[in-house]
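Q: I have this one open and want to go through some details. Can you take my questions as they come?

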Amino acid sequence: MLDWKRAIDDRLAGLQIDAARRLEIVEELSQHLQDRYDELRAGGAPDEAARATAVSELDGRNLVRGLADIARPAMEGAELGLRRGSWLADLSGDLRYAIRMLRKNPGFAAVVILTLALGIGANTAIFSVVNTVLLRPLPYKADDQLVVILKYGTGPISPANFVDYRAQATSFGAMGAAEYWTPNLTDVDQPEHVMALRLTADVLPLLGVEPALGRVFTAGEDAPGRERVAVISDGLWRRRFGADPQVIGRSIRLDGAPFMVIGVMPPSFAFAPFWATKAELWAPLALGPRAASRGGQSLRVFARLAPGVGLERARAEVDAITAQLERQFPGTNRGVRVVPLREKVVGEIRPALLVLLGAVGFVLLMACANVAHMLLARAAARQKEVAVRAALGATRARMVRQFLAESLLLALCGAGAGLLFATWSIRGLIALSPAEIPRVNAVALDARVLAFLLVTAVVAGVLFGLAPALQGAALDASGALKENGRGSTDGRRRSRLRDALVASEFALAVVLLVGAGLMIRSFAGLRAIDAGFDPRGVLTTMVSVAGSSEAEPGRRRAFYDELVQRVQALPGVTSASMINHLPLAGDIWTWPFAVQGRPPARPGESPTAVYRAVMPGYFRTLGIPLARGRDIAASDTAETPGVVVVNDALAARTWPGEDAIGKRVSFDNVDGSPRWLTVVGVARNARQEEWTRVPDPEAYLAVMQTRDYLEGPQAHSSYLTLVVRTGGDPAHLAPAVRDTVRSLDSRVVLADTQTMEDAVAGATAQPRFYLLLLGAFGAVALILAAVGIYGVISYSVSRRTHEIGVRLSLGAQRGDVVRLVVGQGMRVAGGGAAVGVIGALATSRAMSTILYGVGPADPATFAVALIVLGGVALAASCIPARRATRIDPTESLRSE
Amino acid sequence: MRYIKSRMLDRELKKGSAELLILSLLEAQPRHGYDLSKLIDARSGGVLTFRVASLYPLLYRLEKRGWIQGRWIEKAGQRRRRYYKLTTSGATVLASQRDTWKEFAEAINRIAGLEQA
């Protein structure tokens, strides 16, 4: 046949017809012209004339006009990668084509989208936590200028020191102090224990947040006598005052004293951000005579840097003032540090969150590697399609773009599904998260999280799509068409790429499993810690008499006595007692003490002990064994000589090698005339505030001999925590205990009712949270690695059917085949694992802040992770290996 | 008839009747484009000719409307060709076009008095 193509092509050039159709038209018209030519020749026309006549009958304009209405929009041409059109049209064409390709293979698409949804969703969820906790500014104006001034960067300082800093420092535009306060909201239907803060009048203004209703404190309202005003949170306003705007000016009673509500803060407001985070009410802090006190460190100082003043200058100035105060008042003023507020809020949690973000990022990388591997296998299966398109003239770049469009489409679908998964997991994260993570309740999807989701999806799409796209498009078109897809040229490069992908999955899996393993070891270490008490079967509840008639100095003793006796008489109760601050769940006070017979310590150098006040029976109730001596007894009263039980640590540190029983210490009036307490018992060390911290020296005084607890008007001495031991489920005891308290006085407030086991769980909530997440990531990593190796080995077996058939027919044993296949899998896994070990060594160091009792390079953890992964690789390779042994040699050779 | 064989009339008549011609020729059996053009030429005694440029756009248009359907068919020892066959809806259209054409032709005849000539 003569070549008519050019003549026809020239006439079709102006038309937008989809490429396949165009080819058909050219063929059909060529056919016609050839027939016409043959006819003319048969009629005797010379070659040239026949040819010219046939071509002339194409009559360009008529043909073009006639075809114009069958010409379709450019889209379809773009799909085949032929036409150079507008970028947007190409993109939408690519996407439409991609949608069609995925629809053809819904199972494949579903698996890929699901894999990606898990990866992208988990990343989005963790990022939303990071976003809220680490990235979002604190809910105050220009929060980068806010600092806190704290002892050793963590603890409160004394009122007199605060007054000195405020008077002398020039680096700050404003400075104020806050003190923890938990008054009872009384004279209401249901009295309630409220978390609150006392603030000097400067604090709220320096935060720069306007109240939603009313006003905040004005200068001078923190003067004694004028401090009976309160600003409340949005939450308290809604919960207790029905969101009534008339609440402004209303009088409420806190611990029985009248306060006027002057303002309601907006819902977004929370203060303080790093401690007392649940405060719902703020009242002025009137220091009064305490302004001169250099003991009683209870103030946390907040300040805003003056305009143009940097942190370093402020630090230098505070250091200078601190040094000068230390000279003037030795021992009262050490290690005071200026810390940026943001750093204070998120500094401790940052490393842990970044570890989680890194780990979940690895999970996504693994998911990408898996998807890339699936796409590679699919690209191989699509050789013919690629070859056809290449033959039709699609450029390589054009086809890479088409492949990428498909991966991006998959990634975006994955992102959509991932968004659902993220929404769901964020709820779970909030529910599971420990209280130590600041602002975690505010975690939500916002614009930044959505942007992250989108960027992650696009990056993931390019990441897992690029290799298959390049590989797919690199195909030798004529080769593939000829080979008809059997693809002996499937080739080393392609399989090497697949191996590399799976190996990298294994490397990532090692890192993730080591992370999870370290967390498991760490948590096991935490669980193994001896609390020093027996938390099982113990119910605890805070009992606050403030604002009730039981707060009267003359009535507390009888009330506490009566309460303990009645609770002890409840069915199922084996013992009951009270303590000022419950271990692990309550406050902790560290007080200096003097030792009889020793020279007075220099200022600031007195030994200190954790200060507890207990009712008789506390040690029995909590299950703290007494090493020596006796418990505080009912006979130890204000009228009898003072007694104290100390813990092992105090006894060992104060009287090493001696018997502590009979020794005397004093907790009050350390400098003047001490009130001596005789050590009557030595208790085993029990955990105090932090679960992992080795117990400090601790002293248990008798509530009945401690005037503060019996008569002190202050809020901090008007509550004790009831501890009740039962043989049954302690939680079931709660209603009976509540009724008992109510029957004595319905205005006494109960708060924080929980079992001791819950308190212990709360103390280890943070590591448990990390364990849970890293464990989940590790499990997902294991699954992905298994699927990856299984996929690559099965694929390889399916490609090597012929080779295996030849081997078998040449006398290879089934065992040889298994060894061959499994060996291949293990080589890939081993290579990856080796890289993974190096990676894990490099990255696990980032975890050191969240580990307990195990080093980041713990050999046992590494060994177990490798063994587990090795087992998974073995198992995953064995399935395709067994399949390979069932290959029938004759059958496989015939298929050739 | 020969008097009025001006180019214009030719074109107008062809336009109006072309669809009917193609559908009619495909009624009996599937045919390829060249076959159709030869048949029209032969059966009209050379009065009507369909060259490439007018035939194929017409075929494609009919195909697009779903009246005919083209399919590549390879026969032994031949290049493959695209054969068109009449579809069910094409057959319906053909019947209705035939009626219309018949009425039209009769009307023309009555007015132009060709019957008496």
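Q: Which residues in α19(A) and α23(A) meet?
A: From α19(A), A:F559, A:E562, A:L563, A:R566 and A:V567 take part, and they meet A:V737, A:T740, A:V741 and A:L744 of α23(A). This is a predicted model.

Q: How many of the residues in that contact of α19(A) with α23(A) are nonpolar, polar and charged?
A: The contact of α19(A) with α23(A) has six nonpolar residues, one polar and two charged.

Q: At what angle do the axes of α19 and α23 of chain A cross?
A: Roughly 145°, and the axes come within 10 Å. Helix α19 covers residues 556–568 of chain A, and helix α23 covers residues 734–744.

Q: Is the crossing of α19(A) and α23(A) left-handed or right-handed?
A: α19(A) passes α23(A) in a right-handed crossing.

Q: Now α2 and α3 of chain A. What angle do they pack at, and how far apart are the axes?
A: The angle is about 140°, with the axes 9 Å apart. α2 of chain A is residues 19–42 and α3 of chain A is residues 47–56.

Q: What does that make α2(A) relative to α3(A)?
A: Oblique, because the angle is about 140° and roughly antiparallel is reserved for angles over 145 degrees. The crossing of α2(A) and α3(A) is right-handed.

Q: Which residues of α2(A) and α3(A) meet there?
A: On α2(A) they are A:L33, A:R36, A:Y37, A:L40 and A:R41. On α3(A) they are A:A50, A:R51, A:T53, A:A54 and A:V55. By class, the contact of α2(A) with α3(A) divides into six nonpolar, one polar and three charged residues.

Q: Different spot: where is A:L12?
A: A:L12 is in helix α1 of chain A, residues 5–12.

Q: Why does A:L12 count as partly exposed?
A: A:L12 has 19 C-beta neighbours inside 10 Å, and a residue is buried only with 20 or more, so A:L12 counts as partly exposed.

Q: What does A:L12 touch, leaving out residues up to four places away in sequence?
A: A:I17, A:R22 and A:I25.

Q: And how far is A:L12 from A:A840 in space?
A: C-alpha to C-alpha, A:L12 and A:A840 are 62 Å apart, with their positions 828 residues apart in sequence.

Q: On to confidence. What is the mean pLDDT of chain A?
A: The mean is 86, and 93% of the residues of chain A reach 70 or more. Over residues 73–85 of chain A the pLDDT is below 50, although the model gives this stretch 37 contacts beyond near neighbours in sequence. Residues 482–489 of chain A also stay under 50, and there the model has nine contacts beyond four places in sequence.

Q: What about chain B, how many helices and strands?
A: Chain B has four helices and three strands. From the N terminus on, the order is α-β-α-α-β-β-α.

Q: How much of chain B is buried?
A: 26% of its 117 residues count as buried. Among the contacts in chain B with a separation of 6 or more, 46% join residues 24 or more positions apart.

Q: How many residues does each chain give to the contact between chain A and chain B?
A: Chain B gives 15 residues and chain A gives 16. On the chain B side, the elements that give two or more residues are α2 (33–43), α3 (52–65) and β3 (81–86). The largest share of that side, nine residues, comes from α3(B).

Q: And what classes are the residues of the side of chain B that touches chain A?
A: Seven are nonpolar, two polar and six charged.

How values were computed:
Residues are numbered from 1 along each chain as its sequence is written. Chains are lettered from A and ligands numbered from 1 in the order in which they are written. This is a predicted model: local features need pLDDT of at least 70, side-chain atom pairs count only at pLDDT 80 or more; totals for chains, interfaces and linings use all residues. pLDDT is the predictor's confidence in each residue, from 0 to 100. Two residues are in contact if their C-beta atoms, placed from the backbone, lie within 7 Å. A residue is buried if 20 or more other C-beta atoms lie within 10 Å of its own, exposed if 12 or fewer, and partly exposed in between; C-beta atoms are placed from the backbone. Ala, Val, Leu, Ile, Met, Phe, Trp, Tyr, Cys and Pro count as nonpolar, Asp, Glu, Lys and Arg as charged, and the others, Gly among them, as polar. Axes are lines fitted to C-alpha atoms, for helices over the stretch in contact, and angles run from 0 to 180 degrees between N-to-C directions. Angles under 35 degrees count as roughly parallel, over 145 as roughly antiparallel, 65 to 115 as roughly perpendicular and the rest as oblique. A crossing is left-handed if the near helix is turned anticlockwise from the far one by less than a right angle, and right-handed if clockwise.
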